[in-house]
Amino acid sequence: MTNDRPASVIPEAFVKALEELSHAQVRKELKFTEIPAPGRLAPFALALSGDVMDVVAPGHGPEGQEIGRTPFLQPAEQLATGRFILLFDPEGQELWNGQFRIVTYIRARLDHEMGQDSMLASVAWSWLEEALRERDASYHSAGGTATRVISESFGNLAGEQDHIDIELRASWSPDSDRLGTHLSAWADMVCTFAGLPPLPEGVQQLPHRRMS
């Protein structure tokens with residue numbers, strides 16, 4: 001979480017930032033995991049991974065028969081995945097225009113029609129702006145890229161269905177120490193990419209397609 005530094009050398013500003021993140025409000029569909037933070041981007045960092053999985057109810061055997069007394073569990077589909085990284089440099093960095101920087105990555109599978117939309121990248125960026133605005137998470141110096149990824153299978157995988165993903169890589173600098181609102185906004189973004197309703201007014205829903 002803090003590049004394995006002893007607690008005694010962790011700056012008070014970063015400790016406060018972690019406390020602020022603990023107050024974030026997120027939807028229950030998003031499952032959080034703390035992951036190793038990058039060690040070269042800043043002296044102090046926290047990294048979280050979040051996934052939205054499709055709700056797959058326990059089923060039965062191939063013929064609809066119960067297998068003994070144990071339900072047949074189908075694998076859940078990943079609707080969207082993302083990473084939230086909080087960076088802190090007590091000396092500040094010129095590109096950040098401050099001491100804190102938030103870096104995010106979100107990826108989701110699209111249905112074929114949505115994947116062909118020429119405005120897809122700008123729509124994805126608008127979801128980021130809208131999520132931050134809805135949570136009143138003020139920021140500056142934002143930048144990023146939205147990429148449409150088309151995957152085709154060949155050789156002995158040629159029978160697998162082609163698919164299209166959207167990837168958003170972005171970063172921004174918070175205007176205040178209310179960092180919980182930024183984590184909440186990021187969580188809203190991941191859920192929007194996953195196509196989960198309800199959505200804030202004016203935000204488009206991202207259709208998803210099942211893997212099967």
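**Close-ups of a predicted model**

**View 1. Phe84 of β3 sits across from a β4 threonine.** Phenylalanine 84 stands opposite threonine 104, a residue of β4. The model shown here and in the other views is a predicted one. The two strands, β3 and β4, are antiparallel and joined by 10 bridges. Look at the hairpin they form: four residues lie between the strands, and asparagine 97 has a positive phi near 60 degrees.

**View 2. β3 also pairs with β2.** Here, too, the pairing is antiparallel, with 10 bridges between β2 and β3. One pair to pick out is phenylalanine 44 with its bridge partner in β3, phenylalanine 88.

**View 3. Here is the largest nonpolar core.** This core counts 44 residues, and Phe14, Leu21, Val52, Phe84, Leu86, Trp186 and Phe193 are those with the most contacts inside it. Which elements each supply at least two residues of this core? They are α1 (12-21), β2 (44-53), β3 (78-93), β4 (98-110), α3, β6 (163-174) and α4. The largest share comes from α4, with eight residues. Apart from this core there's another one, of seven residues, including Ala45, Ala47, Ile85 and Leu87. As a rule, nonpolar side chains in soluble globular proteins tend to be buried together.

**View 4. Zoom in on Trp186 and its contacts.** Neighbours within four places in sequence are left aside here. Tryptophan 186 then touches Leu30, Phe32, Gly50, Gly82, Arg83, Phe84, Thr104, Tyr105 and Ile106. Two names from the opening view turn up again in that list, Phe84 and Thr104, the pair that stands opposite each other across β3 and β4.

**View 5. Helices α3 and α4 pack against each other.** Two packed helices are described by the angle between their axes and the distance between the axes. For α3 (residues 120-134) and α4 (residues 180-193), the angle is about 140 degrees and the axes are 8 Å apart. The crossing of α3 past α4 is right-handed. On the α3 side, the contact is made by Ala124, Trp127, Leu128, Ala131 and Leu132, while α4 brings His182, Ala185, Asp188, Met189, Thr192 and Phe193. Sorted by class, that's eight nonpolar, two polar and one charged residues.

**View 6. Gly195 follows α4.** Is glycine 195, in the segment after α4, buried or exposed? Its relative accessible area is 5%, under the 20% cut-off, so glycine 195 counts as buried. Arginine 109 is 86 residues away from glycine 195 in sequence, yet their C-alpha atoms are 10.0 Å apart in space.

How values were computed:
Residues numbered from 1 in each chain as written. Predicted model: local features only at pLDDT ≥ 70, side-chain atom pairs only at ≥ 80, totals over all residues. Heavy atoms only, no water. Axes fitted to C-alpha atoms, helices over the stretch in contact; angles between N-to-C directions. Left-handed = near helix turned anticlockwise from the far one by under 90°. Contact = heavy atoms within 4.5 Å. Nonpolar A, V, L, I, M, F, W, Y, C, P; charged D, E, K, R; others polar. Core = buried A, V, L, I, M, F, W, Y, C linked by side-chain atoms within 4.5 Å. Buried < 20%, exposed > 50% of the residue type's maximum accessible area, 1.4 Å probe, protein only. Pairing = 2+ DSSP bridges.
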